[in-house]
Amino acid sequence: MKIKYPYSKPEILNRDIQEVTKVLRNGYLTQGKKIYEFEKEISKSFNSRYVSVCNSGTAALHMIYKAIGLNEKNGLMTTPITFLATANAARMCNAPVEFCDVDPETGLMTAELLEDALKNSQFKIKAVTIVHLGGRLCELEAISLICKKYKCILIEDACHAPGAEYLASDKNTHITGSCKYSDASSFSFHAIKHITMGEGGCITTNNEKIFNYANLMRNHCMQRGINNIKKSKNLSLPWYYEMEKLGWNYRADEVSCALGLSQLKRLKSNLKKRRFIAEYYYKNININNYFRLPHRNKNQLSNAWHLFPLSIDFIKLGKKRETVIKELNQYGIGTQVHYIPLFMQPYYKKNLKRKLKNALNYYYKTLSIPMYVQLKKTDLDYIISVLNKVLSN
Ligand SMILES: Cc1ncc(COP(=O)(O)O)c(C=O)c1O
C-alpha cells in the first residue's frame with residue numbers, strides 16, 4: 001500500500017508558491033535582498049541579536065564550530081542520539097568527537113550525564129553541543145552551569161525546536177535561538193523541518209565574532225570595499241575583492257529564502273497545530289504494557305513537536321521493529337527511527353571507549369509516528385486505530 005501518512009511532510013501553501021514565483025519572475029536568484037529580509041524576521045521571531053542564513057543546518061554547525069576554534073586539539077562533546085551532522089561538522093574541523101549518554105526516557109543529554117562524560121573524556125573538550133531532540137528542550141540552565149564549570153562553550157543544535165520556549169527557574173521564558181544560555185544555535189530548514197527552504201539553515205547568536213565569521217565564510221571569505229579591505233593598493237579598481245582565509249559556498253539563494261520567509265510567518269500557528277496533534281495522541285492512543293507515549297513536559301511550550309516518538313518494548317510485544325514498521329506500512333502509515341546512535345556508525349565506532357547503555361536502550365525502543373500540521377482529526381483517528389491494533393497482541 002502507498003504510504004498515505006509519512007512520519008513527516010512539508011506544508012506548501014499557495015502563498016508560499018506565490019512568494020517563490022515572485023522571486024523567479026524578478027530574476028534576481030541569489031545574493032539579493034530576500035536573505036536579509038529573512039534574517040531580520042528570524043532575528044525578531046527568535047529574539048536573537050544576529051542571524052546568518054546559509055544553505056543547510058550542517059553548514060551552520062560547521063561555521064559555528066570553526067568560529068569557536070574546534071580543531072585537532074579542541075574537541076566536541078555531544079549526544080549520540082542525533083543526525084550525523086551534529087558530530088560530522090566537528091570532524092570537518094578535524095576535531096575529536098566524544099559522545100555523552102542520554103536520558104533513557106527522552107533521549108536528551110542531561111547535566112548529570114554531561115558532567116560524567118566531561119570528567120571521563122579522553123580529549124580536551126572545547127565545546128558541548130546539545131540537541132533538542134524531536135523538539136523537546138534540554139535542561140538548559142543546569143547544562144550551561146556544567147559547561148561553565150568545565151570551561152566549555154555551549155552550542156544548541158536547535159534544528160528540531162524552532163519556537164519552543166524554555167521556562168527558566170526565575171519564571172522568565174526564552175525562545176529557542178535566543179541563546180540565553182549558549183553561544184550559538186543552529187537551525188535546519190530542510191524539507192521536513194518546521195520551516196522549510198527546501199534545503200537551508202541558519203545560525204542565531206548574540207556573539208558578534210561568530211556572526212561576522214559566518215557572514216564572511218559562507219561566501220568564500222570574499223571581501224570588498226574600503227570598510228573591509230584596509231591596506232590594499234588595488235581598492236580603486238571597481239572589480240577588486242580579496243580573500244584572507246579559506247571559506248565555503250554556504251550561500252542560501254533568494255528562492256529558498258523567499259520560501260523560508262513565507263513559512264516562518266506560520267511558525268506560531270503551526271506549533272499550535274503540532275501541540276494539538278500531540279494532545280490528541282496522548283488522549284486517544286490506548287497505552288498498554290508494550291509501549292509508552294513520549295514523556296510529558298510540565299511546560300507544554302517547551303516542546304516544538306518535530307517528532308512524536310513512541311517507546312516500544314518489541315521483545316514484550318513479541319514482534320520485531322521491522323515487522324511493526326511493515327504492518328503499519330500495510331495500512332499506509334510511515335514511521336522512522338530517530339536515530340541510530342552515532343557511535344554505532346562504522347566511522348565513529350572505532351573510537352568508542354565507553355558503552356553508552358541508555359542511548360542504546362533508547363534506540364532499541366524508539367519509533368516516530370506521523371507528526372505534521374496537515375493531519376486532521378479524521379487522519380489521526382485512522383492512525384490511532386491502526387496503532388491500537390498493531391501495538392497489541
Ligand atoms: C538534529 C539535526 N542536526 C543537524 C541537521 C542538519 O541539517 P541539514 O540537513 O539542513 O544539513 C539535522 C537535519 O536533519 C538535524 O536533524
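The following exchange discusses the sheet and two helices of a predicted model.

Reader: What is the strand order in the open sheet, and is the pairing mixed or not mixed?
Author: The order is β1-β9-β8-β5-β4-β2-β3, seven strands in total, and the pairing is mixed.

Reader: Which strands stand at the edges?
Author: Those are β1, residues 50-54, and β3, residues 97-99. Each has a single partner strand, so one side of each lacks a neighbour in the sheet.

Reader: And the twist from one strand to the next, what does that average?
Author: The average is 20 degrees.

Reader: How many bridges join β2 to β3?
Author: Three bridges join them, and the two strands run parallel. Strand β2 comprises residues 75-78. As for individual partners, M77 is bridged to E98 in β3.

Reader: Which strands does helix α3 touch?
Author: Helix α3, residues 57-67, packs on the sheet and touches β1, β2, β4, β5, β8 and β9. The direction of α3 makes about 160 degrees with that of β8.

Reader: Turning to α5, which of its residues are buried?
Author: In α5, which spans residues 111-119, the buried residues are A111, L114, E115, A117 and L118.

Reader: Why are they on the same side of α5?
Author: They lie on the same side because they cover an arc of only 165 degrees around the axis. In general, an α-helix has 3.6 residues a turn, so residues three or four places apart point the same way.

Reader: What covers the buried residues of α5?
Author: The cover includes β2, β4 and α6, the last being residues 140-149.

Reader: Which exposed residues does the face turned away carry?
Author: That face of α5 carries E112 and K119.

Notes
Residues are numbered from 1 along each chain as its sequence is written. This is a predicted model: local features need pLDDT of at least 70, side-chain atom pairs count only at pLDDT 80 or more; totals for chains, interfaces and linings use all residues. Side-chain values use heavy atoms; hydrogens and water are left out. Two strands pair if DSSP finds at least two bridges between them. Helices (H or I, at least four residues) and strands (E, at least two) are DSSP runs, numbered from the N terminus. Axes are lines fitted to C-alpha atoms, for helices over the stretch in contact, and angles run from 0 to 180 degrees between N-to-C directions. Contact means heavy atoms within 4.5 Å. Buried means under 20% relative accessible area, exposed over 50%, partly exposed in between (1.4 Å probe, protein chains only). The arc is that of the directions from the helix axis to the C-beta atoms.
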